[in-house]
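Visitor: I've got a few "how do you know" questions about this one. Can we go through it together?
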Amino acid sequence: MLRSVTRLAAPVRARMYATSSIESLAVRSMVSSFRRLGHLEARLDPLGRETPSAVDELAPSAFSSLFSTPLSSTGEVYFPHATTDMKVLYAQLRSTYCGSLGVEIEHLKHKDERDWLAAQGEHPSLSITPSMERNAWTSMQTAETFEHFLAKKFSSFKRYSGEGAEAMMPAIQTILDTASQHGTGVGMPHRGRLALLVGILKYPVHQLLRKIQGFSDYPEHIVGLDDVSSHIAQSVDVNGVHVSLLHNPSHLEIINAVTTGKVRAKQDSGKAAMALLLHGDAAFSGQGCVPEGLSLSQLPSFTTGGTVHIVVNNQVGFTTTKQDGRSTTYSTDVAKGYDIPVLHVNGEDIPAVIRAAHIAANFRHTFQKDIVIDLITYRRHGHNEVDEPRFTQPGMYSAISSRPSLPAQYGAQLVDKNLLTPAKVDALKAKLNAHLEQELQKSATYVPTTVAAFEGNWKGLRQPTTADMQAAVDTGVDKSILQALGVASVTVPPSVPVHNRLERTHIQTRLASLSKANLSDINVDWATAEAMAFGSLLHDGHSIRLAGQDCRRGTFSHRHAAFTDQTTDQHYFPFRNLPKALNPTGRRFDVVNSNLSELAVMGFEYGYSWEDPRALVLWEAQFGDFFNERFLQFVNSRAYETAADTPELESINLSIVNVTTPAQYFHVLRRQQLRDFRKPLVLFAPKTLLRLAQATSSLDDMAPGTTFHSVLGDSVAQPSAVRRVLLVSGKLYYDLVAQRAQQQHQQDTAIVRVEELAPFPADALKAELAKYANATDVVWIQEEPANQGAWAYAKVHLDKLGVPTRYIGRPSLPATAQGMGKANAKEAQEVMRQAWELL
C-alpha cells in the first residue's frame, strides 16, 4: 500500500536569490522555461500520432551560451545533486518536463504550491517498486479480461468499455492507497465503470451479470425504476478505505457537484473524506456544469479541502475531434482559471501514471486544493461496442487496431524485466475467466433481497406508498417552544451592532408580535414561521442546511438568518447560539449564500442530502429561475393513463406543494423530517405572501395536534348556497378572496385551495367538493398562461375523478410571463372578470 506523505523526500527549499549575476539569472531562466513550457514538448500521445511542436524557448540554442561555463544550480532546482554542468542540467530538465509527464504549474499564484510540485517532479518522493508495477498490471488485466468476457457472452451489450484507458485502474488504486486516511466519494461517467465496479470496488459480478441479462436490481417488495448498468453505484471498503461510487445520471458531468456535496456532508459530520472525480475529455471542456462545479471548490460553505480529478482523455468525444470540440490547447484548460494545477500523463507509461496519481493525492492533502490529472489514452472501440468509429476517425483507429492492448504491452514489459513470467500471465487470465464463468452460472439463480439505500445512516427508513405520503402527520409544536424559538431567532448580543433599520423593522417588530401574554393571540408571518420550523427541527434533533443565492438575508430581505456586525462585517447566527434547552443535541444550522450558480449548487445540495436523513437540506432557487411546470411533468402519476379505474402508483416520486399560509409552510417543512421516509419536496414559494397582512397564522395553527393539509376548504361560503367552486393553487387565492367580497359573492362562490399538487390530493379534494352538492360549475383558475401553471396536470386528475372542470386563466403564451406591465394588468383583470361572470 502506498502511504500519504506530507514531508517531501527532498525538503522544499526556498530559492536563494542572493546572487543576481547574469549567469545565475540565465540558469533561473532555463529552469523556469522548462517548468512553464516543458509540457508542450512532452510525449503525451500513446498512439504517437501527434508529434509535439518544437518550442523555441526550449531549444538548445536558447541556452547554448551557458553550456561552455560551469555554473551553480544550487537553490534553483530540486534534483538530488545540483550540477554545475549546464548541458547536464538541460538534459535533466528536458527528461523531467518533456517526457511522459507534463505539468502545468507556473500559473499557480502561490509560490509554495509551485515549488512543491516542482520538487515532486525533480526529486520524486515515490519510488516505483516491482510490487507496484505487478499490482498495476493485475488491475489492468482484470479489467481487460472482464471486458472480453462481456464481449463474448453479451456481444450486443453496450458496456462503454474502458479498453485503451485501463491505466485509470492503477491511477485510481494509487489515489485510494495514498489517501488511506480518508473515505472517498467517487463520481464518474460510464466509460470503464463496469470494470472498475467488479475490479477495484468489489461489486458482485453475478449481480451485475443478472442486471445485464435484463433483470431488476430490486427485491419484489421495492417499487422503483431500474437504471442502466453503466450507472450502478457501490459502497465498499477497499484496503481500509471506505469508497462510495455514486449513481451517475446520463448528464455526464452533473455528478461532480453531487459527489462533492456528499463529501462535504461527511466532513460536516466529523468524518475524513475526499472526492475523486473522473471525467471524459470532451465533457470536461464542453459542459458548463464543470466550471460551475469548480467554482465551488474554494468557497467556504462548499469546499471539501480539494478534489482529485482524472480526465480520462480518449482524444475524441463520440465522433467529434478536439479540433471541433474545444477552443483550447488541452481539454483541461478550464481548470487553470481556478488556480488548479494540471498533470498531463501518457496513459501507456504506467510508472508515470502511478507517480502522477501519487503527486495528485498528496497535493490535495497538503494544500487542500483541487488538482487535475489529464490521463491521455484512447478508446479501443467506438462510443459503444456496436458503433463503427472508422466512419469518422479512420486514421486514429488504424493506429489503435495495430497496437496490442495496454495490459498485453505492459505485461510483456514486466516479463522482459523479470517481474512477471508468461506462465503467471496465463494463470491470472485463466483464474479470472474461471471466476467469471462461475459468477455467470450464479447469476441464473440470484434474487435480490436487500436495497443498499436503506442501510447505514438510512437504516430504519422505508419506501412509502402514495397513501403514506398523503397521510396526516402531527407536526405541531408546543406554543411556548415556538414563542421561545421566535424570540431566539432575533436575539443578538449587545456586542454585535445591527443595522438600525433592521433592528427597528425586523428584530423589534418580531419581538413585539411574539410578546402577547396569551399565546393564542400571536400571529406570525412567513419568515417567522420558517424560523420556528427550523428551530423546532433543531430542537427535535435534526440539522438544517439551506443554500442559495442571497438566502442568508433572503432575496426580499425577509429571512435574516444571520445578522452582519456593522463594524466588523462578521456574521452572527442566532440559531448557532441557541441555549441547550432549544438545541439539546447541538445539531448544525447552516444557511449559506452560494455563488451565482443554479445547476452546480442544486447538485451539491442534492449530494449533501444523501448522507444523513436527519438533515433537512434545502436549496432555494433565485426568483424566476425555474419553469415550475416542468416539475409537474416529472411526477410519475398514473392519472395520465386512460382507464378511469387505473390504480395510482404505489409510490409517487415527488412531493410538490404551493402553500398559502405560514402555518402550512411550517408544517410541510417539519413533515419532511418527521416521517419515516424521505421524498424530494418541491416547494413553490411566492414573494407576495412574505409580507401580506392576510397571510399570517396563529400559533394555534402550529400547536400540537395540527398538521399539513393538502386541501384547504372555504370557511366563509355557505355550502348549500354555493353555485360555483373555484379551485386555485397558490397566492391567487388572496386576490380572489378580496374580489369575492367586492363582488358580493361571499355565499355563492367557494374558493378551495389545492395546497399539494403531487401526490394529487384526490380523496381530500373529492371530500371537499362533496360539501357543495348544489354547485353547477367547477373551475380551475390560475394566473399563469394555459400552457403553464398546474392546469394541464390538474385537469387529468380531475377528469379521472369525474369532476367536469373548466379553465379560467390567461391564454397560452410562448414565454413564461408578459413583459409589458399594462398588458399584464389587462390579462389579470380579465382573469378576475371571468371568475365572477354569469353568477
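Guide: Let's begin at the N terminus: over residues 1-19 the pLDDT stays under 50, pLDDT being the predictor's confidence in each residue, from 0 to 100. The model has 45 contacts beyond four places in sequence for residues 1-19, a contact meaning heavy atoms within 4.5 Å. Where pLDDT is low, the predicted coordinates should not be read in detail.

Visitor: What are the ground rules here?

Guide: This is a predicted model, so local features need pLDDT of at least 70 and side-chain atom pairs count only at pLDDT 80 or more, while totals for chains, interfaces and linings use all residues. Residues are numbered from 1 along each chain as its sequence is written, and side-chain values use heavy atoms, with hydrogens and water left out.

Visitor: What is the mean pLDDT of the protein?

Guide: The mean is 93, and 95% of the residues reach 70 or more.

Visitor: Why is Q368 called partly exposed?

Guide: Buried means under 20% relative accessible area, exposed over 50%, and partly exposed in between (1.4 Å probe, protein chains only). Q368 has 39% relative accessibility, so partly exposed is the right label. You'll find Q368 in the loop between α13 (350-367) and β8 (371-376); helices (H or I, at least four residues) and strands (E, at least two) are DSSP runs, numbered from the N terminus.

Visitor: And which label does S557 get, buried or partly exposed?

Guide: S557 comes out at 28% relative accessibility, so it counts as partly exposed. The loop that holds S557 runs between β10 (543-548) and β11 (563-564).

Visitor: What makes the phi of Q368 worth a look?

Guide: Most residues other than glycine have a negative phi, and most peptide bonds are trans. Q368 isn't a glycine, yet its phi is positive, near 55 degrees. S557, also not a glycine, has a positive phi of about 55 degrees.

Visitor: Which peptide bond is cis?

Guide: Look at the one joining A758 and P759, where omega is about -5 degrees. P759 sits in the loop between β21 (756-758) and α25 (762-769).

Visitor: What makes β18 and β23 edge strands?

Guide: Each pairs on one side only, and two strands pair if DSSP finds at least two bridges between them. Their open sheet has five strands in the order β18-β20-β19-β22-β23, with mixed pairing.

Visitor: How do you know that β22 and β23 pair?

Guide: DSSP needs at least two bridges, and β22 (residues 777-785) and β23 have four, in the parallel sense. So they count as paired. I781 stands opposite I808 in β23.
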